[in-house]
Amino acid sequence: MKNLTIYASLLMMCGLMSCSVMKESEGGVKVSDDLAYCHTKVSKSLADLGKDSIDYTMMPRNIENQDSVWACRKATPDEWCSGFWPGILWYDYESSKDAKIEEEAKKYTSSLEYLSRRPAFDHDLGFLMLCSYGQQYRLTHDEESKRVLLAAADSLATLFNPTVGTILSWPRNVEMLGGHNTIMDNMINLELLFWASKNGGSETLRDIAVAHAETTMKNQFRPDGTCFHVAVYDSETGEFIKGVTHQGYSDNSTWARGQAWAIYGYTMVYRETGDKKFLDFACKAADVYLKRLPEDMVPYWDFDDPAIPEAPRDASAACVVASALLELDNYCGENKKGYYREAAESMLASLGSEAYRSGSHKDSFLDHSTGHKPAGSEIDASIVYADYYYLEALLRLKNLQENETEQTSEGGSAPSLAVILNLLR
């Protein structure tokens, strides 16, 4: 009788625990609180940006040193970060349902429309348009956004060199780098091509994205799964010439955000293709990254900087990887199921702590990102793309938790008798 009483209590406890776990992740991430914090910061940013009148062509980029408000840059073709602020507004609107945020998101997004009507300046057209118009279309399904995205995808595709098999990243740097150059960041821009091929664009766009991923996988990685920032090819023959860095410590070092782009990019390519070789590769890139992290799960800007542990961190890399791992975990078999999610939650818990939050003194969500250390730019700063991927990761975790809560309410996650009996032993 005593055991039956305990059994009944355990059943009740498991039911209650399963619900509470969905609300509060095991990694200590208080998703609802973190999203509320972000919404407060977005509202404050908009208030500060509009103290006189808002210029919707000026996009928040960073907050450095002792500054408290966003330094903005003009939304020009060479300002690769211009899509992140509209994207943050769309993500915040998705979370908060605040109509004022939606209105501002539309205004900031519209200032980028002209980029779809001009030749591609470089590969960053994907960042610019998918983070802004892509989010707008996902949430509103307006036909104008679709038109803009399809035009932008066609423009991006013009940078593809079929002999090489990749998209040219920096046309302006061909002479400096010694050939057709492809940077790891470019993996993220492939999503625009995949999207377009499924939404009225040419199937060729998908073929370009797959070819780019395959060529990059073949040439831009070391045997251990770490990547070169830049791959340089002969433009005429397609021959791989060398792997170098532009923003990392050295040609042979592992630049943290470059590795983050690789993890995110190959996870996305697997989602779009279903080809297991891309899943296996995403896992390989993720595993080597995770093995080299410091205790708080936020990387130093470059894993091989000899100044570690005095080297600056890069919270932006942690944000990108956390978002990627929450998706990657869904594709894993039972042998790895939960491993990547647990790591992602640990990253988000760390990022949401006082050690990395900007707090009340800045309009940004997070501090301690590193943009381009070799150039002395944006070192230990708040940077807009860190906030973008942080908010994306929080929303992904929220969606996972809500799905799990729904499954639990339908009886899908009830504890088995074997589990209960094992607890009784």
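Leaving aside neighbours within four places in sequence, which residues is Thr254 in contact with? In this predicted model, the contacts of Thr254 are Arg222, Thr226, Gln259, Arg292, Asp302, Phe303 and Asp304. Thr254 sits in the loop between strand S7 (240-244) and helix H10 (256-273). With a relative accessible area of 3%, Thr254 is buried. Trp301 lies 47 residues from Thr254 in sequence, and the two C-alpha atoms are 9.1 Å apart in space.

**Helix H4**

Helix H4 covers residues 99-110. At 1.5 Å a residue, its 12 residues should span 16 Å, and the end C-alpha atoms are 17 Å apart, which agrees. The buried residues of H4 are Ile101, Glu102, Glu104, Ala105, Tyr108 and Thr109. Viewed down the axis of H4, these buried residues fall within an arc of 165°, so they line one face of the helix. An α-helix has 3.6 residues a turn, so residues three or four places apart point the same way.

The buried residues of H4 pack against four elements: helix H2 (31-49), strand S1 (58-63), helix H3 (84-96) and helix H5 (125-140). Ala99 and Lys100, on the other side of H4, are exposed. The N-terminal end of H4 is capped by Asp98, which has a side-chain oxygen 2.9 Å from the backbone nitrogen of Lys100.

**Helix H8**

Helix H8 (residues 186-198) is mostly covered, with 12 of its 13 residues buried. Among them are the polar or charged residues Asn186, Asn189, Glu191 and Ser197, and also Met187, Ile188, Leu190, Leu192, Leu193, Phe194, Trp195 and Ala196. Just after H8, Gly200 takes a positive phi of about 105°.

**Cysteines**

The structure holds 0 disulfides. Cys131 is in no disulfide, and the nearest cysteine sulfur belongs to Cys81. For Cys283, the closest cysteine sulfur is that of Cys332. A disulfide requires the two sulfur atoms to be within 2.5 Å, and at 4.3 Å the sulfur atoms of Cys283 and Cys332 are too far apart for a bond. The table sets out the values for Cys131 and Cys283.

| Cysteine | Closest cysteine sulfur | Sulfur distance | Relative accessible area |
|---|---|---|---|
| Cys131 | Cys81 | 9.6 Å | 6% (buried) |
| Cys283 | Cys332 | 4.3 Å | 10% (buried) |

Cys131 is thus buried at a relative accessible area of 6%, and Cys283 is buried at 10%.

Terms used:
Residues are numbered from 1 along each chain as its sequence is written. This is a predicted model: local features need pLDDT of at least 70, side-chain atom pairs count only at pLDDT 80 or more; totals for chains, interfaces and linings use all residues. Side-chain values use heavy atoms; hydrogens and water are left out. Helices (H or I, at least four residues) and strands (E, at least two) are DSSP runs, numbered from the N terminus. The expected span of a helix is 1.5 Å times one less than its number of residues. Buried means under 20% relative accessible area, exposed over 50%, partly exposed in between (1.4 Å probe, protein chains only). The arc is that of the directions from the helix axis to the C-beta atoms. Contact means heavy atoms within 4.5 Å. A polar contact is a pair of N or O atoms within 3.5 Å; within protein, one must be able to donate a hydrogen and the other to accept it, and residues adjacent in sequence count only if both atoms are side-chain atoms.
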